[in-house]
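Please open the structure in your viewer and keep the selection tool at hand. The tour below moves from the whole chain to single elements, with a stop at each.

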Amino acid sequence: LFQEVSRQTLAEHTSNTLATIILSILSIRNNSMKKPTINLVNYEEGIVKNGILTKHARMMEKEILDMGYKVTVKNAPDPKADINHHINYIAAQECPTINTTMVTHFTSDMFAMDEKIGRIKKFTDEGGVGICFSEGVEKYLLAQGINRKNLETVLPAHDGRKRRPRIIMIAYKIYDDGRKREDMFVKLCKTLDPSKFIFRIIGPNWEKTLEKTRKYKVQVQYL
């Protein structure tokens, strides 16, 4: 159902895509013709003013409102809503509605991996849908026994701001016998988008090699 949306669109408009998926799940599972109501469950609401979960919730609220649907943002599930979308799966609470949640990534922090998987499995076994932020996360969950019909995937959002180039440091001397394989750097420069990288190079004898890279317009700061 959702694979028709291009990956570029998903990357640029994740909030819109998440909203579309939530409403699509609702249309599939709900036979009622009334206009559905959506509650975005932001468990840090009122606690963290500008947290990343709050940012997701507010952007999704805007997109859903723009689609013409009634939406609320609360710090707990609303049993009167047609669907509750839990911004954080770790804190997700049971609610007798259609439920979805964001599954962004997995790291071992204050919660053990087994506990995280267990919470997602419980959520999906009860009919909830986990919306993964990468195919890798989805494949990992499938390997852990999560039901395929209860998983969807969208790519993560970005702010649309132009990001600074990545800075890569190289620090060594070039020798006449080519032992440092500096020609590989020239080949690499040929394949890169010059707007996305800056190379900072320290070490003698790089002049001839850097001369070969000039035609590729790669940003180099030779120190």
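A residue is called buried when its relative accessible area is under 20%, exposed when that value is over 50%, and partly exposed in between. With those words in hand, select the whole protein chain, which is a predicted model, and note that buried residues make up 41% of its 223 residues. The protein chain exposes about 13,600 Å², and carbon and sulfur atoms supply 52% of that area. If you colour by secondary structure, you should find seven helices and nine strands. Among contacts between residues at least 6 apart in sequence, 58% join residues at least 24 apart.

**The sheet**

Next, select the six strands that form an open sheet, which lie in the order S2-S1-S3-S4-S5-S6 and pair in parallel. Its edge strands are S2 (70-74) and S6 (151-153), each of which pairs on one side only. As you look from one strand to the next, the twist averages 20°.

**Strand S1**

Now select strand S1, residues 37-41: is this strand largely enclosed by the rest of the structure or not, and why? Five of its five residues are buried, so strand S1 is indeed largely enclosed. In a regular strand, side chains alternate between the two faces of the sheet. Here Thr37, Asn39 and Val41 lie on one side, while Ile38 and Leu40 lie on the other, and all of them are buried, so that both faces of S1 are covered. Add S2 to your selection, and you will see it pair with S1 in the parallel sense over five bridges, with Val73 in S2 as the bridge partner of Leu40.

**Strands S5 and S6, and two helices**

Move to strand S5 (residues 129-132), which runs parallel to S6 and is joined to it by three bridges; within this pair, Gly130 stands opposite Leu151 of S6. Then show helix H4 (residues 113-125), which packs on the sheet by touching strand S3 (83-86), strand S4 (98-103) and S5, and whose direction makes about 155° with that of S4. Helix H5 (residues 135-143) can be shown after that, lying across S4, S5 and S6 and running at about 165° to S6.

**A surface patch**

Finally, switch to a surface view and select Met169, Ile202 and Leu223, which form a nonpolar patch with about 300 Å² of accessible area together. Of these residues, Ile202 belongs to strand S8 (residues 197-202), and Ile202 counts as partly exposed because its relative accessibility is 38%.

How values were computed. Residues are numbered from 1 along each chain as its sequence is written. This is a predicted model: local features need pLDDT of at least 70, side-chain atom pairs count only at pLDDT 80 or more; totals for chains, interfaces and linings use all residues. Side-chain values use heavy atoms; hydrogens and water are left out. Patches are made of residues with over 30% relative accessible area and no salt bridge: like charges are joined within 9 Å, nonpolar side chains (Val, Leu, Ile, Met, Phe, Trp, Tyr) within 5 Å. Accessible areas come from the Shrake-Rupley method with a 1.4 Å probe; for residues, only the protein chains shown count as cover. A salt bridge is a side-chain nitrogen of Lys or Arg within 4 Å of a carboxyl oxygen of Asp or Glu. Helices (H or I, at least four residues) and strands (E, at least two) are DSSP runs, numbered from the N terminus. Buried means under 20% relative accessible area, exposed over 50%, partly exposed in between (1.4 Å probe, protein chains only). Contact means heavy atoms within 4.5 Å. Two strands pair if DSSP finds at least two bridges between them. Axes are lines fitted to C-alpha atoms, for helices over the stretch in contact, and angles run from 0 to 180 degrees between N-to-C directions.
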